[in-house]
Amino acid sequence: MVQQIERLLVVHEKKIPPGHQLNFYFNITTFHFYFGDFTQALHSLNRILNLPKSDIRQGLQAFSRIFQILLHFQLGNLELAEYLLRSAHHLHRKRKQLYPLEAEIFKVLRTLIFAPDLASVQSALQTSYEKLLELA
């Protein structure tokens, strides 16, 4: 069904408002991510990131950059994930969109990318989990 939706999105691209396109592609990305198909998730996510810049759904576009880092980490592209982490963090700061939730997510991603071993990852994730619960 996802393939049919993607085809319809391409065929009717001019008729679908950009905000709705973003929602569809983000839902498709999430679907692929949950089923462990990180390559397809990245492909769908790139459609969001490659749409012309606009004021529409800026939060979704900003979070898509964070999601991109996670996908590249899952695919084992650590050098690219590191670069994207620095770039996205800089962009969030520059746009004054580095809220406590985003800051904590960046901290977790940094830990995952630079962790020397599994024990340090588990410890950092537990600490971040508790912090995220406080933020919620």
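What follows is a walk through the fold, the helix contacts and a few single residues of a predicted model.

Start with the big picture. The chain contains seven helices and zero strands, so anyone following the sequence from start to end reads the pattern α-α-α-α-α-α-α, where the helices are DSSP runs. The C-alpha trace spans about 50 × 30 × 30 Å along its principal axes. The chain has 136 residues, and 38% of them count as buried. As for who touches whom, take the contacts between residues at least 6 apart in sequence: 53% of these join residues at least 24 apart.

Next come the helix pairs, beginning with helix 3 and helix 4. Helix 3 covers residues 38-49, and its axis comes within 10 Å of the axis of helix 4, with a crossing angle of roughly 155°. That angle makes the two helices roughly antiparallel. The crossing of helix 3 and helix 4 is left-handed. On the helix 3 side, the residues taking part are Phe 38, Ala 41, Leu 42, Leu 45, Asn 46, Ile 48 and Leu 49, and they meet Gln 61, Ser 64, Arg 65, Phe 67, Gln 68, Leu 71, His 72 and Gln 74 from helix 4. Sorted by class, this contact has eight nonpolar, six polar and one charged residues.

Leu 42 gives a closer look at that meeting place. This leucine sits in helix 3 and counts as buried, with a relative accessibility of 11%. Setting aside its neighbours within four places in sequence, Leu 42 is in contact with Gln 68, Leu 71, His 72 and Leu 75. For a sense of scale, Leu 42 and Pro 100 are 58 residues apart along the chain, and their C-alpha atoms are separated by 25 Å.

Helix 4 also packs against helix 5. Here the axes are 8 Å apart and the angle is about 165°, which means helix 4 is roughly antiparallel to helix 5. This crossing, too, is left-handed. Helix 4 brings Ala 62, Arg 65, Ile 66, Gln 68, Ile 69, His 72 and Phe 73 to the contact, while helix 5 brings Leu 78, Leu 80, Ala 81, Leu 84, Leu 85, Ala 88, Leu 91 and His 92. The class count for this contact is 11 nonpolar, three polar and one charged residues.

Now for the rings. The structure holds seven aromatic pairs. One of them joins Phe 33 and Phe 38: the ring centres are 5.6 Å apart and the planes stand at 55°, so the pair counts as tilted. Both of these phenylalanines are buried. Phe 63 and Phe 67 make another tilted pair, with 6.4 Å from centre to centre and 45° between the planes. Both residues of that second pair belong to helix 4, which runs over residues 58-74, and they lie four residues apart, or about one turn of the helix. Their surroundings are not alike, though: Phe 63 is partly exposed, with a relative accessible area of 36%, whereas Phe 67 counts as buried at 7%. The cut-off behind these labels is simple, because buried means under 20% relative accessible area. Zooming out, Phe 26, Phe 33, Tyr 34, Phe 38, Phe 63 and Phe 67 form one aromatic cluster. Two members of this cluster have already turned up in the contact of helix 3 with helix 4, namely Phe 38 and Phe 67.

Two more residues round off the picture. Gln 21 is placed in helix 2, residues 18-34. This glutamine is buried, with a relative accessible area of 6%. Apart from neighbours within four places in sequence, Gln 21 is in contact with Glu 13, Ile 16 and Leu 51.

Lys 96 is found in the loop between helix 5 (78-94) and helix 6 (100-114). This lysine is exposed, with a relative accessible area of 68%. Its backbone deserves a second glance: phi of Lys 96 is near 60°, a positive value in a residue other than glycine. Most residues other than glycine have a negative phi.

Terms used
Residues are numbered from 1 along each chain as its sequence is written. This is a predicted model: local features need pLDDT of at least 70, side-chain atom pairs count only at pLDDT 80 or more; totals for chains, interfaces and linings use all residues. Side-chain values use heavy atoms; hydrogens and water are left out. Rings of Phe, Tyr and Trp (its six-membered ring) pair if their centres lie within 6.5 Å; planes under 30 degrees apart count as stacked, over 60 as edge-to-face and the rest as tilted. Buried means under 20% relative accessible area, exposed over 50%, partly exposed in between (1.4 Å probe, protein chains only). Axes are lines fitted to C-alpha atoms, for helices over the stretch in contact, and angles run from 0 to 180 degrees between N-to-C directions. Angles under 35 degrees count as roughly parallel, over 145 as roughly antiparallel, 65 to 115 as roughly perpendicular and the rest as oblique. A crossing is left-handed if the near helix is turned anticlockwise from the far one by less than a right angle, and right-handed if clockwise. Contact means heavy atoms within 4.5 Å. Ala, Val, Leu, Ile, Met, Phe, Trp, Tyr, Cys and Pro count as nonpolar, Asp, Glu, Lys and Arg as charged, and the others, Gly among them, as polar.
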